[in-house]
Amino acid sequence: MHRYSRQTRGTLAALAAAAVLLTGCTPAPPPPTPQRPQAPTAPTTPAPSTHAPTTPRTTTPGTTPDHTLLVTDFGADTVTFVDPSRRGAAADLGSVRVGTAPYGIALGTDGTAWVATAEGVAVVDTRTRVRTALIPYATDTGPVTTGEYRGGGMGIALSPDGRRVYVGVNVPGGDGVLEVIDTARRAVVETVPTGRRPFDVDVSRDGRRVYATNHDSFDVTVVATDDWSARRVEVAPYGTEGGLGSWLKPHYTVVRPSDGALLLPFEGERLAVVDPATGRVRIERMTADTHQHGAAVADDGTLYVVGTGPIDPTVDAGPSLTIRTPAGRERLVPLDGPHENVALSADGTTAYVSGGFTRDGYWNGLSVVDAATGQVTRIPVGERPLGIAVL
């Protein structure tokens, strides 16, 4: 496995603008202004910013089969229902318009999906396939735009009791915010400052802490849910050299079931293991040698990590899915083209990997990976699919 020194990695960070462009890893642009708003990167039709239901774009609204996937179409304004047991166009069960550039998605036990969009948090009844509300953010995020630096919701998670939704809100050009939504009232009831661009939001199993993973500030914000106090934990195994231009930032986090530790993969080389109570960070070795983004963890502690592709194609490996046992043994499944995020079937036997959002070379579909055999089946679906929920 190729391993860079900090000095070499710092050099790569400085050369990031000349390297292959991957999502979220290029220097942030200046904040948009009313005179020169950021231009959309793909045509979209925003859903109305109201709480009125939106008619789903499905031919047979109604019963949704078990084990259906719901994916956010970051290149559009929809979420798409997917039957992974079908192939080709038959896998697409139809879409629901939710709001501009949907990012993360969280699913409640009652079948309600909560979707972070550029406009607000959309609420979708997955049984009837209808958007029932669009909850505006309390934070001013500027003009509604698309693209990787757009303002609005990014990571999103539900409290274990289902009473609160936590959404990381990106504020272009500044620090982000964690907004807390009361699911009964369907309104924002608390706001907590975070770091820059909260890519991911996770919750401890007891519901006492919320974790916002902030890409552009090299940190995780740990928020106590009893008094909404927050503290910063720096997670930068390669250091912070290069600042906003660095490739070597945190992206996604999982909470380890056995002890509540936070696991953050970096570059297929290092796994940061964070004790959220003390803020101590320990580094374990990884083997994929590829730029890593999405992560998921099974109930038995098996970790799944998406490799989007190389920073430097001359020395780094291509896209892959790492399957890592709790003991640290890794198996790599090669993927065809860049991917972004991953979700697991309820029994942990199948991984669903989204093909969207990666800035260079994204594709409109999912890779379905058999965890036991490593067999990969590609399903064309959606428009730059990013977040995934398993119904």
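These exercises work through one sheet and several salt bridges in a predicted model.

**Exercise 1. The sheet**

Find the order of the four strands in the open sheet, and state which strands stand at its edges.

Solution.
- Step 1. Trace the strand order. The four strands run 16-17-18-19, and their pairing is antiparallel.
- Step 2. Look at the ends of that order. Strand 16 (254-255) and strand 19 (281-285) each have a single partner strand, so one side of each lacks a neighbour in the sheet. These two are the edge strands.
- Step 3. Check one pairing. Strand 16 meets strand 17 (residues 262-266) over two bridges, in the antiparallel sense.
- Step 4. Place a residue. Val255 sits opposite Leu262 of strand 17.

**Exercise 2. A shared aspartate**

Name the salt-bridge partners of Asp216, and decide whether each residue is buried or exposed.

Solution.
- Step 1. Recall the principle. Side chains of opposite charge can pair when their charged atoms come close.
- Step 2. Take Arg197. The closest N and O atoms of Arg197 and Asp216 are 3.0 Å apart, and the two form a salt bridge. Arg197 is in the loop between strand 11 (187-193) and strand 12 (198-203), while Asp216 is in the loop between strand 13 (209-214) and strand 14 (219-224). The pair links distant parts of the chain, 19 residues apart.
- Step 3. Take Lys249. Asp216 also bridges to Lys249, with 3.2 Å between the closest N and O atoms. Lys249 lies in the loop between strand 15 (230-234) and strand 16, so this pair ties together parts 33 residues apart in sequence.
- Step 4. Apply the cut-off. Buried means under 20% relative accessible area. Arg197 has 3%, so Arg197 is buried. Asp216, at 7%, is buried. Lys249, at 1%, is buried too.

**Exercise 3. A contrasting pair**

Describe the salt bridge between Asp336 and Arg378, then give the network that Asp216 belongs to.

Solution.
- Step 1. Read the distance. The closest N and O atoms of Asp336 and Arg378 are 3.9 Å apart. The cut-off is 4 Å, so the pair counts as a salt bridge.
- Step 2. Locate the partners. Asp336 is in the loop between strand 23 (330-334) and strand 24 (342-344), and Arg378 is in strand 27 (residues 376-380), so the pair ties together parts 42 residues apart in sequence.
- Step 3. Judge exposure. Asp336 is exposed at 53% relative accessibility. Arg378 is partly exposed at 35%.
- Step 4. Assemble the network. Salt bridges with shared partners join Glu148, Arg197, Asp216 and Lys249.
- Step 5. Set this against the whole. The structure holds 15 salt bridges.

Note on methods. Residues numbered from 1 in each chain as written. Predicted model: local features only at pLDDT ≥ 70, side-chain atom pairs only at ≥ 80, totals over all residues. Heavy atoms only, no water. Pairing = 2+ DSSP bridges. Salt bridge = Lys/Arg side-chain N within 4 Å of Asp/Glu carboxyl O. Buried < 20%, exposed > 50% of the residue type's maximum accessible area, 1.4 Å probe, protein only.
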